[in-house]
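Work through the following exercises with the sequence and the model side by side, attempting each task before reading its solution.

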Amino acid sequence: MTIINSQPQRPRKAYLEARKRLLAMLRSPEFNSGDQIPAERELSEQLGISRMTVRKIITELVEEGVLERRGNRGTWLMKIDIERPLAPTPEMGVSKIIELNGAVPSSQLIYFYTSQASARIARILHISEGDELVMIKRLRLADGQPFCIETSYLPRARVADLTAEMLESTGSLYRILAERYGIQCVFDDGTIRATTMSEEEHQLLQAKPESPALIYRGVIYDGARQPVEYLVSVNHPQRVAFKISGSLNEK
């Protein structure tokens, strides 16, 4: 009697591998937010899996908010809710960016308090370690949907009487800086990196556990090239995209 040692692949494992291949295809440079995906028959042929398996995977991805069906017209990748310019002018502010995306901006103040600057934050803001620092954390929303968490660090000496009530009533930190303190935010200098979110960030942004996020960390400067704010912005992986626009210089 011949004994066969190899075991047939379990259906669940095969299904997960098929799902992984389909997701990799949809996340390739060939597809962008809001694009229509190929029909089930075409996907079945390209990936070498049955149409039934393709249909089941697509149904799952629709339920997870990755894809959307549009009646008999086909299936599309969900469109990114908010496009943020990669190099915005600071005075534009998040609220203006949301409005330009055709959505209604709002925010929730998570905390507002005065602390002492650490050595690192002091270096960034050109103040002394231990100087008073205003720390503001807000959840930003578009049409009621959370899309980013912003944490601002400002030297208390530059915004001596700034309060949480002032921020909540005005809704715009940069407007307060300009109108009350005569501070015009002119440019920023920062980086954007993909990283994992904390448990709190997942909950606030209503993102799936272990989801990655695009995190911007930068310094906002005034016209005299003095730092006004150190900003950390954690952006929802499915609801935010950073848009590049402008001319290319000769290489």
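**Exercise 1. Work out how far helix 3 (residues 51-63) reaches and which of its residues are buried.**

Begin with the length: helix 3 has 13 residues and spans 18 Å from its first C-alpha to its last, which is close to the 18 Å expected at 1.5 Å a residue, the expected span being 1.5 Å times one less than the number of residues. Helices (H or I, at least four residues) and strands (E, at least two) are DSSP runs numbered from the N terminus. This is a predicted model, in which local features need pLDDT of at least 70 and side-chain atom pairs count only at pLDDT 80 or more, while totals for chains, interfaces and linings use all residues. Residues are numbered from 1 along each chain as its sequence is written, and side-chain values use heavy atoms, with hydrogens and water left out.

Next, look at burial, where buried means under 20% relative accessible area, exposed over 50% and partly exposed in between, with a 1.4 Å probe and protein chains only. V54, I57, I58 and L61 are the buried residues to mark in helix 3. They cover an arc of only 100 degrees around the axis, so they lie on the same side of helix 3; the arc is that of the directions from the helix axis to the C-beta atoms. The exposed residues M52 and E63 are carried on the face turned away from that buried side. Finally, just after helix 3, G65 adopts a positive phi of about 85 degrees.

**Exercise 2. Repeat the analysis of faces for helix 2 (residues 40-47).**

Start from the buried residues of helix 2, which are E40, L43, S44 and L47. They cover an arc of only 105 degrees around the axis, and therefore sit on the same side of helix 2. Then turn to the face directed away from the buried side, where the exposed residues R41 and E45 are found. Just after helix 2, G48 has a positive phi of about 70 degrees.

**Exercise 3. Trace the open sheet of 6 strands and state which strands stand at its edges.**

First, write down the order, 4-5-6-9-8-7, with antiparallel pairing; two strands pair if DSSP finds at least two bridges between them. Strand 4 (105-116) and strand 7 (185-196) each have a single partner strand, so they are the edges, and one side of each is left without a neighbour in the sheet. From one strand to the next, the twist averages 15 degrees.

Second, place the helix that packs on the sheet: helix 7 (residues 173-181) touches strand 5, strand 6 (145-155), strand 7, strand 8 (212-222) and strand 9 (227-235), contact meaning heavy atoms within 4.5 Å. The direction of helix 7 makes about 170 degrees with that of strand 9, where axes are lines fitted to C-alpha atoms, for helices over the stretch in contact, and angles run from 0 to 180 degrees between N-to-C directions.

Third, follow the pairings. Strand 4 and strand 5 (residues 132-142) are antiparallel and share 11 bridges, and E132 in strand 5 is the bridge partner of Q116. Strand 5 is joined to strand 6 by 10 bridges, again in the antiparallel sense, with R138 partnered by E150 of strand 6. Between strand 6 and strand 9 there are 6 antiparallel bridges, and Y153 has Y230 of strand 9 as its bridge partner. Strand 6 is mostly covered, since 10 of its 11 residues are buried.

**Exercise 4. Find where H126 and R225 lie, and decide whether each is buried or exposed.**

As background, most residues other than glycine have a negative phi, and most peptide bonds are trans. H126, in the loop between helix 5 (119-125) and strand 5, has a positive phi of about 60 degrees although it is not a glycine, and H126 is exposed, with a relative accessible area of 51%. R225, in the loop between strand 8 and strand 9, has a phi near 65 degrees, and R225 is likewise exposed, at 58%.

**Exercise 5. Describe the surroundings of H236.**

Locate H236 in the loop between strand 9 and strand 10 (240-243), then note that H236 is buried, with a relative accessible area of 4%. Leaving aside neighbours within four places in sequence, H236 is in contact with P146, F147, L205, Q206 and A207.
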